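I'm opening the notebook on a structure I haven't looked at before. These are my notes, in the order I looked things up.

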Amino acid sequence: MIDIAWSQFTPGAALTGGILIGLAAASFLLLNGRIAGISGILGGLLTPVRTDILWRIAFLVGLIGAPAVWLLFAELPPIEINAGYPALIVAGLLVGIGTRYASGCTSGHGVCGLFRLSLRSLVATLSFMATGFISVFVIRHLIGA
């Protein structure tokens, strides 16, 4: 049986967040001609091009610094992770491998690629989602972890 925590259901906040992410991704593409895919932005710092370093660092600082700005106005929501370190490490490695094979991450394909009506991004996003659904089902219902 599925147990839904209706007290945690916040459609207004989710809609507002989705609109802000969409506007940011669209603005980034329209103003800079670049996709706001996190793996590509971070990966570009591993083999830096002198003219690309500053905007990549600024993007990542903004991404990491957003919770600090949030704290000026409200308390951060509680974070609860129901997995141990081994599971988190394996999950992170699998996400990294998947990102590499898909030539992009969920933000690049799921937000920016779908916005551009990219068939490749649609296939990648459907693959990400299906793999996540299957993984959760197997881990929670078949393995029982």
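**Entry 1: around α5.** I started just past the end of α5, where Leu117 takes a positive phi of about 60°. I'm reading this from a predicted model, so I keep that in mind throughout. Then I stepped back into the helix itself, which covers residues 106-115. Which residues of α5 are buried? I found Ser107, Gly108, His109, Cys112 and Gly113. I also looked up what covers them, and the list includes α1, α2 and α6.

**Entry 2: α1 against α5.** Since α1 turned up in that cover, I followed it. The axes of α1 and α5 are 10 Å apart, and the two helices pack at an angle of about 65°. I noted the crossing as right-handed. From α1, the residues that take part are Ile21, Ala25, Ala26 and Leu29, and they meet Val111, Cys112 and Phe115 of α5. Sorted by class, I get seven nonpolar residues in this contact, with no polar and no charged ones. Cys112 goes down twice in my notes, as a buried residue of α5 and as a partner of α1.

**Entry 3: α2 against α3.** Next I took the pair α2 (residues 38-46) and α3, whose axes come within 9 Å and cross at roughly 130°. Is that parallel, perpendicular or oblique? Roughly perpendicular stops at 115 degrees and roughly antiparallel needs over 145, so I call α2 oblique to α3. The handedness here is left-handed. On the α2 side I listed Ile38, Gly40, Ile41, Leu42, Gly44 and Leu45; on the α3 side, Ile53, Trp55, Arg56, Ile57, Phe59, Leu60 and Leu63. By class, this contact has 10 nonpolar, two polar and one charged residues. Gly counts as polar and Arg as charged, so I put Gly40 and Gly44 down as the polar two and Arg56 as the charged one.

**Entry 4: the aromatic rings.** Trp55 and Phe59 made me look for ring pairs, and the count comes to three. For one of these, Phe28 with Trp55, the ring centres are 5.5 Å apart and the planes sit at 50°; stacked needs under 30 degrees and edge-to-face over 60, so this pair is tilted. Phe28 belongs to α1 (residues 11-32) and Trp55 to α3 (residues 53-71), so the pair ties together parts that are 27 residues apart in sequence. Are the two partners buried or exposed? Phe28 is buried, at 12% relative accessible area. Trp55 has 21%, and because buried means under 20%, I file Trp55 as partly exposed. Phe28, Trp55 and Phe59 form one aromatic cluster.

**Entry 5: a residue in α6.** I picked Leu142, which lies in α6 (residues 119-143). Its relative accessible area is 61%, and the cut-off for exposed is over 50%, so Leu142 is exposed. I also checked Leu142 against Gly43: the two are 99 residues apart in sequence and 36 Å apart in space, C-alpha to C-alpha.

**Entry 6: the whole protein.** Last, I looked at the overall picture. I count six helices and zero strands, and along the sequence the pattern reads α-α-α-α-α-α. The C-alpha atoms fill a box of roughly 50 × 40 × 30 Å along the principal axes. Of the 145 residues, 16% count as buried. For contacts between residues at least 6 apart in sequence, I noted that 34% join residues at least 24 apart.

Technical notes:
Residues numbered from 1 in each chain as written. Predicted model: local features only at pLDDT ≥ 70, side-chain atom pairs only at ≥ 80, totals over all residues. Heavy atoms only, no water. Helix = DSSP H or I, 4+ residues; strand = E, 2+ residues; numbered from the N terminus. Buried < 20%, exposed > 50% of the residue type's maximum accessible area, 1.4 Å probe, protein only. Phe/Tyr/Trp six-rings, centres within 6.5 Å; stacked < 30°, edge-to-face > 60°. Axes fitted to C-alpha atoms, helices over the stretch in contact; angles between N-to-C directions. Parallel < 35°, antiparallel > 145°, perpendicular 65-115°, else oblique. Left-handed = near helix turned anticlockwise from the far one by under 90°. Contact = heavy atoms within 4.5 Å.
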